[in-house]
Amino acid sequence: MLWTIIVALLVGCIVGPLARLILPGEQNLSLPTTILLGAVGSLIGAWVGAQFLGTDGDQFSFWGLILGTIFAIVAVAAYIAVTRRNQKSIR
C-alpha cells in the first residue's frame, strides 16, 4: 500500500507538468500547483484502479499507474478549464 502511494505521488509530480505542456493555450498555473494537481489526480486514479481492478493495494499495478496518469492529466486540464472560465467572466 505504501509503495502504491509513493509511486502514485511520483508519477503525479512528473505527469502534472507534462500535462500542462501538452494542453494548448496559455495557462496561469504555477509549478507547485501543477505538481500538486498531478499528484492528487494520480492518487485518485491509483485508488480507482485498486477498487475496480481488484488489486489488494500491496502490489504495484500497471493499470493503476495508467489510471493515475490519466487522472493526473484530467485534474490539470479541469483546473485550467475552470480558472480560464472564471477569468473570462471577471473581465
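**Exercises on helix H2 and its surroundings**

Ser42 has 2% relative accessibility and therefore counts as buried (buried means under 20% relative accessible area, exposed over 50%, partly exposed in between; 1.4 Å probe, protein chains only). The model is predicted: local features need pLDDT of at least 70, side-chain atom pairs count only at pLDDT 80 or more, and totals for chains, interfaces and linings use all residues. Residues are numbered from 1 along each chain as its sequence is written, and side-chain values use heavy atoms, leaving out hydrogens and water.

**Exercise 1.** Place Ser42 and find its contacts.

*Solution.* Start with the element: Ser42 lies in helix H2 (helices are DSSP runs of H or I, at least four residues, numbered from the N terminus). Next, set aside neighbours within four places in sequence. Ser42 then contacts Ala8, Val11, Gly12, Gly68 and Ala72 (contact means heavy atoms within 4.5 Å).

**Exercise 2.** Compare the reach of H2 with its expected span.

*Solution.* H2 covers residues 31–53, 23 residues in total. The expected span is 1.5 Å times one less than the number of residues. For H2 that gives 33 Å. From first C-alpha to last, H2 reaches 32 Å, close to that value.

**Exercise 3.** Is Thr34 buried or exposed, and what does it touch?

*Solution.* Thr34 also belongs to H2. Its relative accessible area is 0%, so Thr34 is buried. Skip neighbours within four places in sequence. The contacts of Thr34 are Gly16, Pro17, Arg20, Leu29 and Val76.

**Exercise 4.** List the buried residues of H2.

*Solution.* They are Thr34, Leu37, Gly38, Ala39, Gly41, Ser42, Gly45, Ala46, Val48 and Gly49.

Conventions:
Helices (H or I, at least four residues) and strands (E, at least two) are DSSP runs, numbered from the N terminus.
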